[in-house]
Amino acid sequence: MVASKTLVSASDFYHASATYEQLSHTHATSLAGTEIRVAFTNNALVNGGDRNVRIDAIAIDGTRYESEDPTVIGTGVWRNGGNCQTGTWSSEYLHCNGYFRYPLD
Ligand SMILES: [Ca+2]
Ligand SMILES: [Ca+2]
């Protein structure tokens, strides 16, 4: 089963400050699965600034999953001066369109 929900729009999260914003979503139905993905879909250069997103962690039913956990796969993480790549980078940042894939246990 695939379920998706847009939590923020581009205008919501373009912050100059370094504060975190807590976002929440309650799904209308019960979900089951082995992973959850949080995607960054509007990467851009805006007035010379690079739009990125930092995700500290997600929490599902009280269980916290850190983005930098070595089991989390990131598909839009800038690495070693190259392009955004897929891997287990222990990063909280998505620099390009992509997603974090959190394994659920
Ligand atoms: Ca974290
Ligand atoms: Ca970017």
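A residue counts as exposed here if 12 or fewer other C-beta atoms lie within 10 Å of its own, and as buried if there are 20 or more, with partly exposed in between. That yardstick comes in handy right away in this predicted model. Asn47 has 4 C-beta neighbours inside 10 Å, so Asn47 goes down as exposed. The residue sits in the loop that links β2 (45–46) to β3 (49–50). Its backbone is a bit of an oddity: phi is positive, at about 50°, even though Asn47 is not a glycine. For context, most residues other than glycine have a negative phi.

Asp61 tells a similar story. This residue is not a glycine either, yet its phi is positive, at about 50°. Asp61 belongs to the loop between β5 (57–60) and β6 (63–66). Its count is 4 C-beta neighbours inside 10 Å, and therefore Asp61 is exposed.

Stepping back to the whole chain, the model has ten strands and zero helices. Reading along the sequence simply gives β-β-β-β-β-β-β-β-β-β. The chain has 105 residues, and 12% of them count as buried. As for contacts with a separation of 6 or more, 50% are made by residues 24 or more positions apart.

Some of the strands come together in an open sheet. Four strands take part, in the order β1-β10-β7-β8, and the pairing is antiparallel. At the edges are β1 and β8 (84–87), each of which pairs on one side only. Ignoring direction, neighbouring strands of this sheet are turned by 25° against each other on average. In general terms, strands of a sheet pair through backbone hydrogen bonds, either parallel or antiparallel.

Strand β10 deserves a closer look. Strand β1 (residues 35–40) runs antiparallel to β10 and is joined to it by six bridges. Across this pairing, Phe40 faces Gly98 of β10, while Glu35 stands opposite Pro103. Strand β7 (residues 73–78) also pairs with β10 in the antiparallel sense, over two bridges. Here Ile73 is the residue opposite Arg101 of β10.

The two faces of β10 are not alike: Gly98, Phe100 and Tyr102 make up the covered one, whereas Tyr99, Arg101 and Pro103 make up the uncovered one. This back-and-forth fits a general rule, because side chains in a regular strand alternate between the two faces of the sheet.

Tyr99 is a handy place to finish. Tyr99 lies in strand β10 (residues 98–103), on the uncovered face. Around Tyr99 there are 18 other C-beta atoms within 10 Å, so this tyrosine is classed as partly exposed. Setting aside neighbours within four places in sequence, Tyr99 is in contact with Arg37, Val38, Ala39, Phe40 and Thr75. Phe40 is also the residue that stands opposite Gly98 in β10. Gly74 is 25 residues away from Tyr99 along the chain, but the C-alpha atoms of the two are separated by 5.8 Å.

Methods
Residues numbered from 1 in each chain as written. Chains lettered and ligands numbered in written order. Predicted model: local features only at pLDDT ≥ 70, side-chain atom pairs only at ≥ 80, totals over all residues. Contact = placed C-beta atoms within 7 Å. Pairing = 2+ DSSP bridges. Axes fitted to C-alpha atoms, helices over the stretch in contact; angles between N-to-C directions.
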